[in-house]
Amino acid sequence: MKNLYFGLILLAVFSCNKHEKTDMKTLSDEFIQSWWHQFPTQASSAGFHNYDSLLPAYSSELRNSDREFAAHWLERLQAIEPKDLANDAERSDLALMKEALNSLLFYTDTLKAWEWDPSMYNLAGAFADIVNAKNLDSIQKRNFITARMKAVPDYYTTAARNINKPTREHLQLAIDQHAGVMDYLFSDIATWVNEPSLLESAEKAMKRYASFLTSISQKPDSNYRDFRLGKSLYASKFKHDIQAALSADEIYEKAVQRKAELHAEMFNLSKQLWPLYMKSPLPQDSLQLISEVIQELSKKHTKPENFLATIQQQIPELEKFVVEKDLLTLDPNKPLKVRKTPAYMDGVAGASISAPGPYDEKGETFYNVSTLETYSAEQAESYLREYNDYVLQILNIHEAIPGHYAQLVYANKSPSLIKSVFGNGAMIEGWAVYSERAMMDAGYGNGQPEMKLFYSKWHLRTVCNTILDYSIHCLNWNKDQALDLLVRQAFQQEAEAQGKWKRATLSQVQLCSYFAGYSEIMALKQELESKPGFNLKAFHEKLLSFGSAPVKEIAAMMKGENN
Ligand code: ZN
Ligand code: ZN
């Protein structure tokens, strides 16, 4: 009540001076600085190293301080009228800052993963971010690491005190990871610390945490909570994480509808392709029919030794198509650099964009592609069937042109520290997914039914990620139901489906971000398309000019609702 009261007074004072322009640059800098001070390990991972000596234990005092931090800043930000700001970029920064604070309160007081997820007390990153810092010398690193090591005992004593009815899944994850973290800290990181007594007490505390985890893992079921969030908590987390105009229920309904459309399309395409590739009679079951055609066509793929070269050759073709079809202006001064994934970041095979952090101004953006050198012949074959000649093109569209890479180039044109720190994941993934659709709609693949079939399969994966996540957390789905969706209805390999089930038990909502962002961009496009003078290229460029703001905010600004 007290905070609300002060908020009202502030609001009154500000509305008297409403012609006084808010200096957003200064305000956002101050906001970020105080955010890093409040969350020093987040600062380290963003490449801001002023607070690397801090490692606060997540105590009830700290939670109080987080609440005060949020209340203080919300008061200040709520006093600002969006219409008094200079431009849309500032208005979306303001919206992102407010949402970061509301999320902070939601995570602290409602979601409370700090009670039920023992794996969040993982300190590997807090040390690795110092060791890998580009802009620290070895003396600074030694000092920071020593200071953080000193804080380890209190950190884990507090962690154990916080845990109350964990989920079995997160407890198991914590047990699995904790041994690895200890190994990393007391072999690699220990070489930076000159005081053996510090290491000893840290190691003792971490061993105590390990036995604490083991001891609770032996307790009966009544000591655990379900990993499923349930409808109401899921709806709130969706609201904060996705920041969509639509609710979780609405996005789920859209996904179910989209799955039916894709199945119908894939059935028609597969029937058309059957006589060209298959010798046996047509199966009765339509999903079986689609699955057999997919399996047959997946045999068309590059050789392991040509994987990187195939991707390298494709990028200029994608660029040419985007320019010819007038989808987007691509900056010729920012060509995409394709490289072999460096050893230090090679873990999971695949391809991904790696962009420099917000404080790494000289850093370059790369398209990292893992070579399949370490794969057995069998593993390489299975991987290449998944990333066959058709899917590999869609992967390149998603990751590179005009997907993630192109989006990054546009976002960097109007640099905003706020957007690079608090950028919206659903906009980033939504754009990449939307760009696949935009390419297909522009005639990519010359209308080949093979290409259309694999686009649909790829898109179906995105759609089913949403159905899966929602159904598990809100409709109480079990593993059999999940695997049936992924393997029989989405044509995925058993191993991929198993991995997805595990991911959905450990995360919530994130799997929806791809389809949620895509749906919102599609809805905005459909609305604007119906107005006279609509131009697709101009639409794309305007959309991307807002950087990684939530689609909801971008839509409001593009429709002129915020001014
Ligand atoms: Zn093969
Ligand atoms: Zn992506």
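Okay, Asn-446 first: at 76% relative accessibility it counts as exposed, where exposed is over 50% relative accessible area, buried is under 20%, and partly exposed is in between, with a 1.4 Å probe and protein chains only. Asn-446 sits in the loop between helix 19 and helix 20, and its phi is near 55 degrees, a positive value in a residue other than glycine. Helices here are DSSP runs of H or I with at least four residues, strands are runs of E with at least two, and both are numbered from the N terminus. Asn-476 has a positive phi as well, near 65 degrees. You'll find Asn-476 in the loop between helix 20 and helix 21 (479–488), and at 52% relative accessibility it is exposed. Most residues other than glycine have a negative phi, and most peptide bonds are trans. On that second point, the bond from Ile-401 to Pro-402 is cis, with omega near 0 degrees. Pro-402 lies in the loop between helix 16 and helix 17 (404–411).

Quick housekeeping. This is a predicted model, so to speak of local features we need pLDDT of at least 70, side-chain atom pairs count only at pLDDT 80 or more, and totals for chains, interfaces and linings use all residues. Residues are numbered from 1 along each chain as its sequence is written, chains are lettered from A and ligands numbered from 1 in the order in which they are written, and side-chain values use heavy atoms, leaving out hydrogens and water.

Now the zincs. What are the protein donors of the zinc ion (ligand 2)? They are His-398 (NE2), His-404 (NE2), Glu-429 (OE) and Glu-429 (OE), at 2.1 to 2.8 Å. A donor is an N, O or S atom within 2.8 Å of the metal (3.2 Å for Na, K and Ca), and with water not among the atoms, sites may look incomplete. Along the chain, the spacing for ligand 2 reads H-x5-H-x24-E. His-398 in helix 16 (residues 389–399) and Glu-429 in helix 19 (residues 425–441) are 31 residues apart, a pair that links distant parts of the chain. Both His-398 and Glu-429 are buried. The four donor atoms subtend angles of 51 to 154 degrees, so the arrangement is irregular.

The zinc ion (ligand 1) is coordinated by His-301 (NE2), Glu-381 (OE) and Glu-381 (OE), at 2.1 to 2.5 Å. His-301 is in the loop between helix 13 (286–297) and helix 14 (307–324), and Glu-381 is in helix 15 (residues 377–386), so this pair ties together parts 80 residues apart in sequence. Glu-381 is partly exposed, at 31% relative accessible area.

Zooming out, we have domain 1 (24–228) and domain 2 (242–248 + 302–561), with bounds from an automatic or database domain assignment. Their centres, taken over C-alpha atoms, are 29 Å apart. Contact, meaning heavy atoms within 4.5 Å, involves 26 residues of domain 1 and 26 residues of domain 2.

Last stop, the packing. A nonpolar core is a set of buried Ala, Val, Leu, Ile, Met, Phe, Trp, Tyr and Cys residues joined through side-chain atoms within 4.5 Å. The largest one has 110 residues, and Phe-238, Tyr-367, Leu-453 and Leu-543 touch the most other members. Helix 20 (residues 449–474) gives the most to this core, with 13 residues. Each of the two domains supplies at least three residues to this core. A second, separate core of 38 residues includes Ile-130, Phe-144, Ala-151 and Tyr-209.

Key: Tetrahedral: all angles 85-135°; square planar, octahedral: opposite > 155°, others 65-115°.
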